[in-house]
Amino acid sequence: MTTSYTNKDWIQNGILFFLATLLTCTLFIAHINISKNIPFGALYCMVILYSWLLPWKNTAIYAGIICSILIFTAVLFSYNDYQSTDLVGINTTISLITLWITVSLVTIAKRGFEELEIIKNNLEKTVKRKTIDLKESEQLYKFLYENANEMYASISPENGAILKCNTTLAKKLGYSKKELIGQPVFKIYSDNSEDKIKNLLKLFKSKGYIKNEEVTLQTKTGKTIKAILNVSSVKDENGEIIYSRSSLFDITEIKNLEYKFSALLESAPDAILIVNNKAEIIISNKQAQHLFKYKKEELLGLKTAQLIHKKHRRNIENYFAKPHKNLTHFKQELHGLNKDEIEFPIEITVNPIKTFEGPLIIIAIRDISERKKLQKEQEIFNKVLQNKNKELEQFVFIASHDLQEPLRTVHDFSNLLNEKYAEQLDEEANIYLNFILSANERMKSLITGLLNYGLLGKKEQKITVDCNEIINQVIDDLGSALQNTNAIFQYEKLPNINCYATELRLLFQNLISNALKFRKQNVSPIIKISAEKKQDHWLFCVEDNGIGISEKHKDKIFIIFQRLHNREDFEGIGIGLAHCKKIVALHEGEIWVESKEGKGSAFYFTIPHTNLKVNNIKAIEV
């Protein structure tokens, strides 16, 4: 342990040391001048006792040594007196014994008092530190009390006056603390809460506490605040209540959320059930009550499986038997059972969720009776439609096939007339005969086109094909037409797709032929083919720089046998784009055109995609 001294301490200790030295010298002078028959040396004990005042630890021992030396020195000064009588030696011995007994006692006492002084100092430091801690704790408590999220107030049980409140309560209600303290507690509650507060005061006086009571506070401006009230009591030694400690927790936001949740629940088109981990219904909406013909209180606590038909009940029970962490979302069509034991089809969607109160399960139930009825009607309609389509296809095939024979007869006899009697017929008759032959060829083409249209997709299965190879095959087939027009092709990132290979080839061939046919005069056609991968399909585009299509004809071009131009200007029977539309429909896609007259056309169509590779850009000049 180290001790630091100030200037004042040094001066004080110097004076004490000077006085100790003066006393010692005085006693020594008296000692050598007084008769040695008197035990004067014992008076040196005064110096030892005085040494108590000096601050150093072993001062008494040092003083005892000095005093012992002085006693012997005094004896030496009067050596003859020692020889004159034995009393001198006895007195010297008594003085030394008395001196060192005093030294021992003073040293022991001083050390004991030093230890006590240390204890005292430590206690003072501890008390000081604890006082500071207590003060900080009081400040912290006051800060937490004043700024807590909860509203606090102390109320007198006698007259219901507010004795104390925190800043949070005052701010929430729009008052200052001075405006609240001393006022009756009814001041902070809404006008229509007076009876309830009076009853709560009576309850508090009888029980000494209030737990989780929902109350309504009222601000200075008249706004209401929903809160949860908890009250404890402070009692005296006789058990009498001195005042209450009230805690008010603002639940206005929670109440608003509850209202919104309730409104959302009730406005849902489906029956909604919220179920606990025991499969017991804890919340239901009006749709659920109406659907199953139960009252709200009847559904509360009911097992979910009781609303499911017996043939599906085991599946639901097995689901709820799993630990909540293993529960997953699922959606299934089942049969429900209402209170009257009437069975009806339902679609049930189950979602497990976690909340602060534990795991819950939200169940949405939809009555699909109408949907099932419509599905049944749709199935019947589809079956009838399939039969009608089959009959129509058979009719087209048979009619087209049967028409071929009289057409061949007309064609053969017309040729025979032309060969044998051309010279005998006049010019007008020959013109009529040529009209007959030309019309016969057109009719033959129409019938062939109609047959091909009816047979699209009938004898093929979908396979995976490389669109780049399809385009190359089409380019080879159209070789002479491409060379005559100096056409340029560009196709990029064409994928491998799952499709009807022959039909897809015909689709590209018709669109490319269309671009070559309706090109601008004296301009080399440029045909760009691209494919873009969308979320669930490929979007293809066949774009050209031809004559384009007017806005009013965009839908008309996909109708069978519809032509926009004269046969003298552009050959064909008007069936190519109708083929394209049917081929795309076979693949469950769509086809449309974007075009401006005189600025070319872009035909778009979609094909459901698979995750297959795509190829790089290629450009071919023919």
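In this predicted model, the hairpin of strands E8 and E9 has five residues between the strands, and Glu341 there takes a positive phi near 65°. Strand E8 covers residues 330–337 and strand E9 covers residues 343–355. The two strands run antiparallel and are joined by eight bridges. One position to look at along this pairing is Leu334, which stands opposite Ile346 in E9.

Strand E9 also pairs with strand E10, which spans residues 358–367. E9 and E10 run antiparallel too, with 10 bridges between them. The hairpin that joins E9 to E10 does so through two residues. Within this pairing, Val350 has Ile363 in E10 as its bridge partner.

Strand E8 also takes part in contacts between charged side chains. Side chains of opposite charge can pair when their charged atoms come close. In the structure there are 15 salt bridges. Glu333 meets Arg371 in one of them, at 3.3 Å from N to O. This pair links distant parts of the chain, since Glu333 is in strand E8 and Arg371 is in helix H13 (residues 369–421), 38 residues apart. Glu333 counts as partly exposed at 36% relative accessibility, and Arg371 counts as partly exposed at 27%.

Glu333 has a salt bridge with Lys372 as well, where the N to O distance is 2.7 Å. Lys372 lies in helix H13 and Glu333 in strand E8, so this pair ties together parts that are 39 residues apart in sequence. Lys372 has a relative accessibility of 32% and counts as partly exposed. Through shared partners, salt bridges join Lys331, Glu333, Glu347, Arg371 and Lys372 into one network.

Another salt bridge sits within a single helix. Glu317 and Arg314 both lie in helix H12 (residues 310–321), and they are three residues apart, about one turn of the helix. The closest N and O atoms of Glu317 and Arg314 are 3.9 Å apart. Glu317 is partly exposed, with a relative accessible area of 36%, whereas Arg314 counts as exposed at 57%.

The nonpolar cores come next. Which residues touch the most other members of the largest nonpolar core? They are Ile497, Phe508, Ile512, Ile529, Phe540 and Phe605, and the core has 40 residues. Helix H17, residues 501–517, gives the most to this core, contributing eight residues.

Phe508 can serve as a way into this core. Leaving aside its neighbours within four places in sequence, Phe508 is in contact with Ile470, Ile471 and Val474, and also with Ile529, Phe540, Val542 and Phe605. Among these contacts, Ile529, Phe540 and Phe605 are also listed with Phe508 as residues that touch the most other members of the core.

A second core, separate from the largest one, has 27 residues. Its members include Tyr294, Leu299, Ala305 and Ile363. Ile363 leads back to the strands, as this residue is the bridge partner of Val350 in the pairing of E9 and E10.

Technical notes. Residues are numbered from 1 along each chain as its sequence is written. This is a predicted model: local features need pLDDT of at least 70, side-chain atom pairs count only at pLDDT 80 or more; totals for chains, interfaces and linings use all residues. Side-chain values use heavy atoms; hydrogens and water are left out. A nonpolar core is a set of buried Ala, Val, Leu, Ile, Met, Phe, Trp, Tyr and Cys residues joined through side-chain atoms within 4.5 Å. Buried means under 20% relative accessible area, exposed over 50%, partly exposed in between (1.4 Å probe, protein chains only). Helices (H or I, at least four residues) and strands (E, at least two) are DSSP runs, numbered from the N terminus. Contact means heavy atoms within 4.5 Å. Two strands pair if DSSP finds at least two bridges between them. A salt bridge is a side-chain nitrogen of Lys or Arg within 4 Å of a carboxyl oxygen of Asp or Glu.
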